[in-house]
Amino acid sequence: MKTILITGANAGIGLKTAEQLVSEGHHLILACRNLVKAQQAKQQLQQLGKGQVDLIELDLNSLEKVQQSANGILSKYPHIDVLINNAGLISDQLDSTEDGFEKHFGVNYLGHYLWTLKLLPLLKKSTQGRIIHLSSIAHWVGSIQPEKFLAKNNPHYRTFSSYGSSKLQNLLFSNQLAKQLKGTSVTSNALHPGVVDSELYRQLPKFQYKLVSLALIPPSKPADLIKKMALDASWAKKNGKYASVQTPAISSAKSRNARLAQELYDRSYELVKQYL
Ligand SMILES: NC(=O)c1ccc[n+]([C@@H]2O[C@H](COP(=O)([O-])OP(=O)(O)OC[C@H]3O[C@@H](n4cnc5c(N)ncnc54)[C@H](OP(=O)(O)O)[C@@H]3O)[C@@H](O)[C@H]2O)c1
């Protein structure tokens, strides 16, 4: 039985992935913001009558809250076998995290950055730790512009490029971690889950939603791939890979730029170090 921690497991891809993993008898820790939805998800998973399901509150909108949740995990669990950084959002208007960061940067990326660094010691205690990052094909439209990390520095905010940038940050982080973890028992890999029928597009204007909905696939498809990446022997030695559902797994040149990955890592470290 593996201990598997998933962020944003109360809906969409995270919930379907948790369902598949608990069905195989694993121990799932659901790290969720909305606890009402999370309790419902927990009950739904427990009804499967297999494995074990725990719940922990996690709000990636605040670095202090991420720190508190991670400390809770560190004091409760001796090890984690798989960390799935899944939670994410699309914000159709400029918004800020509690720390003043642009919402996509803060929630989709920086919160997970802090969360992962805090929990790395538990993954290192696993015989084979695996970290899986939910990136997206949208990373192709992303860019790294540190001046835009703060919400107040985005006078010409555009939803898709901002979301895409956060998914590029997820991928660069995965690649940088993979490099740092080489030769250890922990791996780091990322994926594009396909264009999935979930709650993610709930904020998009109707017209855009209609366009997106033409291509939607069920969350069970990415859940199949994530399960493989989390447990399959074929993924045991893979490190620094980018996988994809629905489209070829081709990542952008920017996402493979080692210098950019190192710079983003170093800047992010400066932003979160007081919470480590
Ligand atoms: N759906 C797609 O087509 C698609 C495509 C490419 C990549 N992805 C990526 O796949 C991942 C999962 O997305 P999904 O499609 O399953 O979306 P979803 O159905 O909207 O689920 C997103 C999850 O993230 C959680 N979340 C949002 N803000 C949070 C916060 N501040 N703190 C903690 N959790 C928070 C949500 O919790 P609440 O219920 O509390 O809001 C929810 O559980 C995301 O990283 C997304 O970028 C999705």
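**Figure 1. Accessible surface and charge of the protein chain in a predicted model.** The protein chain exposes about 12,400 Å² (Shrake-Rupley method, 1.4 Å probe), and carbon and sulfur atoms supply 51% of this area. It carries 33 positive and 20 negative side chains, where Lys and Arg count as positive, Asp and Glu as negative, and His and the chain ends are not counted. The centres of the two sets lie 6 Å apart, each charge being placed at NZ of Lys, CZ of Arg, CG of Asp or CD of Glu. Local features need pLDDT of at least 70 and side-chain atom pairs pLDDT 80 or more, whereas totals for chains, interfaces and linings use all residues. Residues are numbered from 1 along each chain as its sequence is written, and side-chain values use heavy atoms, without hydrogens or water.

**Figure 2. Burial and contacts within the protein chain.** Of the 276 residues, 54% count as buried (under 20% relative accessible area, 1.4 Å probe, protein chains only). Among contacts (heavy atoms within 4.5 Å) between residues at least 6 apart in sequence, 78% join residues at least 24 apart. The C-alpha trace spans about 50 × 40 × 35 Å along its principal axes.

**Figure 3. Surroundings of Lys167 in helix α5.** Helix α5 covers residues 159-181; helices are DSSP runs of H or I with at least four residues, numbered from the N terminus. Lys167 counts as buried, at 4% relative accessibility. Leaving aside residues up to four places away in sequence, Lys167 touches Asn108, Leu134, Ser135, Ser136 and His139. The C-alpha atoms of Lys167 and Ile137 are separated by 8.1 Å, with the two residues 30 apart along the chain.

Key:
Buried means under 20% relative accessible area, exposed over 50%, partly exposed in between (1.4 Å probe, protein chains only). Helices (H or I, at least four residues) and strands (E, at least two) are DSSP runs, numbered from the N terminus.
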